[in-house]
Amino acid sequence: MDSLNRHEDYGQESLEEGHLLDDPIAQFQAWLIDAEQAEIYEPNAFVLGTVDSQNQPRSRTVLLKGVDDKGFFFASNYLSRKGEALAVNNKVSAVFGWYSMYRQVLIQGTAEKVESRESDEYHVSRPHDSQVAAWSSTQSSPIESRAALDAQYDQALKRFEGADVPRPDFWGGYRIVPTRIEFWKGRSNRMHDRIEFVRTVGPDGSFGAWSTSRLQP
Ligand SMILES: Cc1cc2nc3c(=O)[nH]c(=O)nc-3n(C[C@H](O)[C@H](O)[C@H](O)COP(=O)(O)O)c2cc1C
C-alpha cells in the first residue's frame, strides 16, 4: 500500500477567478469536455450523497446523463435506497473527482424527479439490454444468489423478446438543481485553489444571481 505514504505534487497550474466563466454550469460543461479529452475513464461518473429518514448520509456513484441550465440529470431506480432517501429529503451533494487532472467539482442542491416524458425520452435512448436490466432488479433489495438475479434477467429478456421495452414506473430520471458549485484545482504544497459559486433561493423558489468566493484550501 505504497499510496498511503505518497505525497503527490499537484502542480502549478492555477485557477484564477478570471479563468472561470460567469455561469458555473457552462464552466462545468467546459471541465467535463476537458475530462473527456483527457480520456478519463467514465468522466461523467459522480458520487451522489443523500440523507435518509434516519439522518444517515449515504454516497454512491452514478452517471451524469445530461447537464444544462436546469441542472444535472441522472437516472436510477425510484425504490432504491437513494430513491427512498430522496423521497423524504431531496437535499443532495455531488462530487466529480477528475483526480488525474487535479480537478474536483463539488455540488450541493436539491434533486427532483423529472417529468415522465423526460424519463421516457432517456429510457428509449438506452440499449435494449439496459432497458431489460431496469425491469430485472429491485435495486438495493437483498437477493439470495447471483443465479437468482440471472434468472430474473433471463425472465425479463424473454418477456420483452422482439418487443419494445416500456419504462418501468419505478425507474426514471432525477435532476439536481444546484445552489452551490465549487471548482477545485490542486496546487503544490496543498495550497489548492477553490472557487465557489453560490446562489440564493427566494421564498417562491426563484434563484438569485450566482456570486463567487475563493475558499481557503
Ligand atoms: C461507475 C458507476 C456508475 C454507476 N451508475 C449508476 C447510475 O447511473 N444509476 C444507478 O442507479 N446506479 C449506478 N451505479 C450503481 C450505484 O453506485 C449503486 O450501487 C446503486 O445505484 C444502488 O445505490 P443505493 O442502494 O444507494 O440506491 C453506478 C456505479 C458505478 C461504480
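**Strand pairing, cores and ligand surroundings in a predicted model**

G49 stands opposite S93 in β5. This pairing belongs to a predicted model, in which β1 and β5 pair in the antiparallel sense over 3 bridges. On β5 there is also a second partner: 8 bridges join β5 to β6, and these two strands run antiparallel. Within that pair, V92 stands opposite G109 in β6. The hairpin of β5 and β6 has 4 residues between the strands, and Y102 in this hairpin takes a positive phi near 60 degrees. The side chains of β5 alternate along the strand. V92, A94, F96 and W98 point to one face and are buried, whereas K91, S93, V95 and G97 point to the other face and are not buried.

The protein chain as a whole contains 5 helices and 9 strands. Read from the N terminus, the order of its elements is α-β-β-β-β-α-β-β-α-α-α-β-β-β. The C-alpha trace spans about 55 × 50 × 35 Å along its principal axes. Of the 217 residues in the chain, 38% are buried. Among contacts with a separation of 6 or more, 63% are between residues 24 or more positions apart. The accessible surface of the chain comes to about 12900 Å², and 48% of this surface belongs to carbon and sulfur atoms.

In soluble globular proteins, nonpolar side chains tend to be buried together. In this model the largest nonpolar core has 30 residues, and F28, F46, W98, V105 and I176 touch the most other members. Two or more residues of this core come from each of α1 (24–37), β1 (45–51), β4 (71–77), β5 (91–98), β6 (103–113), β7 (171–185) and β8 (193–198). The element that gives the most is α1, with 5 residues. A second, separate core has 7 residues, including A75, Y122, F170 and W171.

The surroundings of I176 can be listed in detail. Apart from its neighbours within four places in sequence, I176 is in contact with F46, L48, K70, G71, F72, F74, V92, A94, I107, T110 and A111. Two of the residues on the buried face of β5, V92 and A94, are thus among the contacts of I176.

V114 lies in the loop between β6 and α3. V114 counts as buried because its relative accessible area is 8%, and the cut-off for a buried residue is under 20%. Beyond its neighbours within four places in sequence, V114 is in contact with F73, Y78, S119, G173, Y174 and R175. V114 and A75 are 39 residues apart in sequence, while their C-alpha atoms are 9.5 Å apart in space.

Helix α4 covers residues 128–136, and its buried residues include Q131, V132, A134 and S136. The cover over the buried residues of α4 includes α3 (116–125), α5 (146–159) and β7.

The model also contains a ligand. The residues around the ligand are R58, R60, T61, V62, L63, A75, S76, S80, R81, K82, Q139 and S140. A75, a member of the second core, is therefore also one of the residues around the ligand, given the 4 Å cut-off. An oxygen atom of the ligand is 2.6 Å from an N or O atom in the side chain of K82. For the side chain of S140, the distance from a ligand oxygen to an N or O atom is 2.6 Å, and for the side chain of Q139 it is 3.2 Å. Taken alone, the ligand exposes 610 Å², and the protein buries 67% of that area.

Notes. Residues numbered from 1 in each chain as written. Predicted model: local features only at pLDDT ≥ 70, side-chain atom pairs only at ≥ 80, totals over all residues. Heavy atoms only, no water. Core = buried A, V, L, I, M, F, W, Y, C linked by side-chain atoms within 4.5 Å. Buried < 20%, exposed > 50% of the residue type's maximum accessible area, 1.4 Å probe, protein only. Contact = heavy atoms within 4.5 Å. Polar contact = N/O pair within 3.5 Å; in protein donor to acceptor, adjacent residues only side chain to side chain. Areas by Shrake-Rupley, 256 points an atom, 1.4 Å probe, with all protein chains shown as cover. Pairing = 2+ DSSP bridges.
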